[in-house]
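Trainee: Mind if I quiz you on this one while we both have it open?
Mentor: Go ahead, fire away.

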Amino acid sequence: MQSKSFLKIFRPTIEIFYAFFSIFILIFLLLYLADANFSLAFKGFVNSSVGGRNNAYLFSTFSKMALISGMAIAALVAFRGGLFNIGGEGQLVVGGFACAFTGLLVSDFGFIGIIISIISGMLAGATWALISGFLTIYMGVPLLVGSLLLNYPARFITSYLVNHPFRDIQSGLPQTFLLPKNVWLPYFPNTRLDLGILIIFLVYVICLIIFYNTKHGYYSKNMGHSLSYVKLSGLPTKKIVFKTLALSGAIAGIVGSIAVLGIHHRFTDGMLVQPLYAWTGIIAALLVNLNLWFIPLAGFFFAAIYTGAAGMERIAQVPKEIATVIQAVIILFVVGKLGSLSNLSSNKGVKDD
Amino acid sequence: MIEIFDPEFFSSIARLTTPILLAALGGSICHRAGIFNIGLEGFILLGAFMAVLGSFFANNAFLGALSAIFGGLFLSIIFAEFHLRRKGDPIVISIAINILALGLSTYLLRSIFKVSGVFSHPEIKKLPQIQLPIFNNIPILDLLINNQSILFYLSIVIVFILHYFLKYHKFGLWIRVVGENPEVLRSSGVNPVKIKFLVLLLCGILCGLAGAQLSISNVGLFVENMSAGRGWIAVVAVLLCGGRPIPLFFLIVLFGLVDSLSLRIQGLGLPQQITELLPYIVCLVVLIIVSYKKLRTLSRTIY
């Protein structure tokens, strides 16, 4: 009896140690497989996630953080309402392309052009999310697979568009024309960090307000806890679903727009898919157990892993995909601590334990 | 039209069907056992990588397939550890496994073989094609099912074995009971967690073989993110058929047919992106039709 209670008290600590120990063993093994110099790899990781000359790498971490946190907010908005919108990738890509396209059209208007192109990215993302919402509500397609399968049309259609009709042939790559400088997002003074992170912060604040101070946020949260409760209360569930999905898709579209206007200044085939922004965002949202307050922290954490791994590749020739592996393993270790998502999705409500 | 339906078209159907079929069979037993495994994509990808790895170093295609099985089993054990023992949510674990497999296969590709993108080497042995003399003189069947890899015949056999097994065998009954109500099984003296673990291992083996078919039978090389959504098509097929092997087989043959059709019409001058999209569109359309019918017959809306 005595020993049992002793174990009970120390169990969380032991589990944390177990997780850290396993992750370190894994990193060690992976570095060993890549024949890397450990101290060099470690130095490269730390230096390029938060250091660099004039903090250049820290700023690149910040700009990644903007994208990852943005996608995390997009995933969180939907998950919180019990809607498994894992089609963030498609919404992101569609938003990015729409923004690049509009940006070329309205490039003469300067600042207003930036706003117009971001709005068009938003609308495109929201439309893409609403399609999956429509399929779910009126066709009975499960949102999980419906939203996911819509990723592929988004990816292939934009790939077609930048390969054929809208291709900048002289650049030699499948990409649109470079946007004129007056529709680029301005940089912070004396840095290479664009204002995208401010826009994401604005989105973050707006989402906090929607979550805690509006009727829609309250309804959507209740729908995540218990759909039947919301339904029996006579609330318009369909409207709430559409609104939540549109919000989620719009945020994904904004993230795509920021990547286009702030970082790449054009839309290149696969530029938003390859770095797994959407999936990393979903993982980040799950890591903080769908708590919006901690999203910036999770975003910074994953962004630091990304840029750190890129630095490791530069300095110690360790492939940067180690970041992806580490992120996946981290979420595996916290998954037991999270509430069950399927309870949300199967409309049984959250269980007590 | 004649250019599309040439001999190559008919023989490619089986080649393209097999990986999706094997993975979907793995997914279907998980579905019947009540494990919502949507990580098939990752299972296939790691299987494909491990198959190339084994085939390259052991210089033997069968050892390659064996190492693909180990790749699948590795992910199954991870799934079991975090889902069965640590009670994690299967959707989250599946997403993590997909990302893990993508990261791990690319990382190992770049660190072991020192290439990025595509790894092809003459040392990678391909699984042999098997010729069945009985079909030699039957015109269409000869093209359709003769001279395929051993995994194709295996997958066809597994469809029927699995059907029989789930319907009549004691272990199959246990699997179905676990899916319906685990407590019933526990009260009859069988540990449901053990059954679920075995089911996951079986799923890992099948998905590993699916990967082997993709990499060391169809082509003999490995490409980053080689599974390219096939796992998701398998997931959709499993959901549509409710995990029943026989309807699953026909549905996946349809997907394989569209897949090979999309390869053929590329030759007609359609852009590659549009033809590659075709299987996903067909998958989505079938999903919509079936879901809509279900919605109408049940006349019950979720929202």
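## The interface and the chains

Mentor: To kick off, 45 residues of chain B are in contact with 41 residues of chain A. Keep in mind that this is a predicted model.

Trainee: Which element gives the most to the side of chain B that touches chain A?

Mentor: The elements giving two or more residues to that side are helix 3 (61-85), helix 4 (90-112), helix 10 and helix 12 (272-298) of chain B. With 17 residues, the top contributor is helix 4 of chain B.

Trainee: And how many residues on that side of chain B are nonpolar?

Mentor: Take the others out of the way: seven are polar and six are charged. The nonpolar ones number 32.

Trainee: Over to chain A. What radius of gyration does chain A have, and why call it as compact as a globular protein of that length?

Mentor: Chain A has 15 helices and zero strands. For 353 residues the globule rule gives 20 Å, and the value for chain A comes out close to that, so chain A is as compact as a globular protein of that length. Its C-alpha trace spans about 75 × 60 × 35 Å along the principal axes. The radius of gyration is 21 Å.

Trainee: What share of the residues in chain A is buried?

Mentor: On the contact side, take pairs in chain A at least 6 apart in sequence: 77% of those contacts join residues at least 24 apart. As for burial among the 353 residues of chain A, the share is 52%.

Trainee: How far apart are the end C-alpha atoms of helix 5 (residues 111-139) of chain A?

Mentor: That helix has 29 residues, and at 1.5 Å a residue it should span 42 Å. After it comes A:Gly140, with a positive phi near 75°. The distance between the end C-alpha atoms agrees with the expected span, at 41 Å.

Trainee: Is A:Ser120 buried or exposed?

Mentor: A:Ser120 sits in helix 5 of chain A. Leaving out residues up to four places away in sequence, it touches A:Ala98, A:Cys99 and A:Thr102. There are 22 other C-beta atoms within 10 Å of A:Ser120, and the cut-off is 20 or more, so the verdict is buried.

Trainee: What about A:Ile16, buried or exposed?

Mentor: A:Ile16 belongs to helix 1 (residues 2-33) of chain A. Its C-alpha is 27 Å from that of A:Lys64, 48 residues apart along the chain. Because A:Ile16 has 11 C-beta neighbours inside 10 Å, and 12 or fewer is the cut-off, it counts as exposed.

Trainee: Where is A:Asn289, and what is its phi?

Mentor: A:Asn289 is in the loop between helix 12 (277-287) and helix 13 (295-316) of chain A. With 11 C-beta neighbours inside 10 Å, A:Asn289 counts as exposed. Although A:Asn289 is not a glycine, its phi is positive, at about 55°.

Trainee: What is the phi of B:Ala228?

Mentor: B:Ala228 lies in the loop between strand 4 (221-223) and helix 10 (230-241) of chain B. It counts as partly exposed, with 17 C-beta neighbours inside 10 Å. B:Ala228 is a residue other than glycine with a positive phi, near 45°.

Trainee: Last one: which residues of helix 7 (residues 170-180) of chain B are buried?

Mentor: The cover over them includes helix 1 (7-32), helix 6 (150-168), helix 8 (182-187) and helix 9 (192-219) of chain B. The buried residues of helix 7 of chain B are B:Ile175, B:Val177, B:Val178 and B:Gly179.

How values were computed:
Residues are numbered from 1 along each chain as its sequence is written. Chains are lettered from A and ligands numbered from 1 in the order in which they are written. This is a predicted model: local features need pLDDT of at least 70, side-chain atom pairs count only at pLDDT 80 or more; totals for chains, interfaces and linings use all residues. Helices (H or I, at least four residues) and strands (E, at least two) are DSSP runs, numbered from the N terminus. The expected span of a helix is 1.5 Å times one less than its number of residues. The radius of gyration is taken over C-alpha atoms; the globule rule is 2.2 Å times the number of residues to the power 0.38. Two residues are in contact if their C-beta atoms, placed from the backbone, lie within 7 Å. Ala, Val, Leu, Ile, Met, Phe, Trp, Tyr, Cys and Pro count as nonpolar, Asp, Glu, Lys and Arg as charged, and the others, Gly among them, as polar.
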